[in-house]
Amino acid sequence: MPVSGVTSSESSTAITSAAKSQILGKDDFFKLLITELKYQDPLEPMKDREFIAQMASFSSLEQMYNMNTNLQSLSTALNSYVSTLSSNLSWQEALALLGQEIEFETAAGTACGRVESIVLKDGVPYLTVNGEQVSLAQVTSVHWSSNSDEATTAPAGTGSSQDGTEEDEAQ
């Protein structure tokens, strides 16, 4: 009685479905292994070394699958953390501008005014200037007030004044 070997219809179905998806998963590996064991020649069973090698392959496959799952979870957590951090940084940027004179772009051109308050809409802070809500992206310059009531213009956090001289950080 001839033995069909590993080329049975069950095995080819598993291979065909795996080929369609271009990915061999652990279920496909199990189907192939079971089919191979089911149709092996009883007079020449699979050698122990081959079986151990296939089980080691399955173990490696399972570990890679688990590692991929863990990496996807880590990626999701990192994306969430970066989003939260970005939102917090925008909020801190807006808070630093509270009470400061700013220039900002509008549809009519450039306008200026003092930041009166901050409004949070959909997790994005907006500055209230002259009753108008201004996003941080619209701000073109900030006029920082010094102790002598003299206004200087500097981008946030640069420490340089309008005339290009460095301000003393200790003041």
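How much area does the protein chain expose, and what share of it do carbon and sulfur atoms supply? About 12300 Å², with 56% supplied by carbon and sulfur. Hi everyone, that's my way into this one. Before I go on: what you're looking at is a predicted model.

Let's do the overall layout. The protein chain has three helices and six strands. If you walk along the sequence, you go α-α-α-β-β-β-β-β-β, so to speak. There are 171 residues in the protein chain, and buried residues make up 20% of them. As for contacts, take the ones between residues at least 6 apart in sequence: 40% of those join residues at least 24 apart.

Okay, the helical part. I'll stick with α3, which covers residues 48–97. Leu74 sits in that helix, and Leu74 also belongs to a nonpolar surface patch. The patch comes to about 510 Å², and Leu74 shares it with Met64, Met67, Leu71 and Leu78. Is Leu74 buried, partly exposed or exposed? It has 47% relative accessibility, so it counts as partly exposed.

Now the strands, and I'll take them in order. β1 is residues 101–106, and it pairs with β2 in the antiparallel sense over six bridges. The link from β1 to β2 is a hairpin, through two residues. Next pair: β2, residues 109–121, with β3, residues 124–129. That's antiparallel again, with six bridges. Here too you get a hairpin with two residues between the strands, and in the turn Asp122 has a positive phi of about 55°. Then β3 goes on to β4, residues 132–135, running antiparallel with four bridges. Another hairpin, two residues between the strands, and this time it's Asn130 in the turn that has a positive phi of about 55°.

If you want to check the register on screen, here are some pairs to click on. Between β2 and β3, Ile118 has Leu127 as its bridge partner, and Ser117 stands opposite Thr128. Between β3 and β4, look for Val129 opposite Glu132. And between β1 and β2, the bridge partner of Glu101 is Arg114.

Hold on to that last pair for a second. How many salt bridges does the count come to? One. It's Arg114 with Glu101, and the closest N and O atoms are 3.5 Å apart. Arg114 is in strand β2 and Glu101 is in strand β1, so to say the pair links distant parts of the chain, 13 residues apart. Both ends come out as partly exposed: Arg114 has a relative accessible area of 39%, and Glu101 is at 25%.

On to the inside. Which residues make up the largest nonpolar core? There are ten in all: Ala94, Leu97, Ile102, Phe104, Val115, Ile118, Leu127, Val129, Val134 and Val142. The elements giving two or more residues to this core are α3, β1, β2 and β3. You'll recognise Ile118 and Leu127 from the bridge pairs a moment ago.

Let me pick one core member, Ile102, and go through what surrounds it. Leaving aside neighbours within four places in sequence, Ile102 is in contact with Ala111, Cys112, Gly113, Val115, Leu127, Val129, Val139, Ser141, Val142 and His143.

A quick word on strands in general: in a regular strand the side chains alternate between the two faces of the sheet. With that in mind, have a look at Thr128, which lies in strand β3. Is Thr128 buried or exposed? Buried, with a relative accessible area of 11%; the cut-off for buried is under 20%. Not counting residues up to four places away in sequence, Thr128 touches Arg114, Val115, Glu116, Ser117, Val119 and Gln133. So Arg114, our salt-bridge residue, turns up in that list too.

Last stop is Leu136. You'll find it in the loop between β4 and β5, where β5 is 139–145. Leu136 and Phe104 are 32 residues apart in sequence, and their C-alpha atoms are 8.8 Å apart in space. What does Leu136 contact, beyond its neighbours within four places in sequence? Ser90, Glu93, Ala94, Leu97, Pro125 and Leu127. Among these, Ala94, Leu97 and Leu127 are members of the core I listed earlier.

That's my tour, thanks.

How values were computed. Residues are numbered from 1 along each chain as its sequence is written. This is a predicted model: local features need pLDDT of at least 70, side-chain atom pairs count only at pLDDT 80 or more; totals for chains, interfaces and linings use all residues. Side-chain values use heavy atoms; hydrogens and water are left out. Patches are made of residues with over 30% relative accessible area and no salt bridge: like charges are joined within 9 Å, nonpolar side chains (Val, Leu, Ile, Met, Phe, Trp, Tyr) within 5 Å. Accessible areas come from the Shrake-Rupley method with a 1.4 Å probe; for residues, only the protein chains shown count as cover. A salt bridge is a side-chain nitrogen of Lys or Arg within 4 Å of a carboxyl oxygen of Asp or Glu. Buried means under 20% relative accessible area, exposed over 50%, partly exposed in between (1.4 Å probe, protein chains only). Two strands pair if DSSP finds at least two bridges between them. Contact means heavy atoms within 4.5 Å. A nonpolar core is a set of buried Ala, Val, Leu, Ile, Met, Phe, Trp, Tyr and Cys residues joined through side-chain atoms within 4.5 Å.
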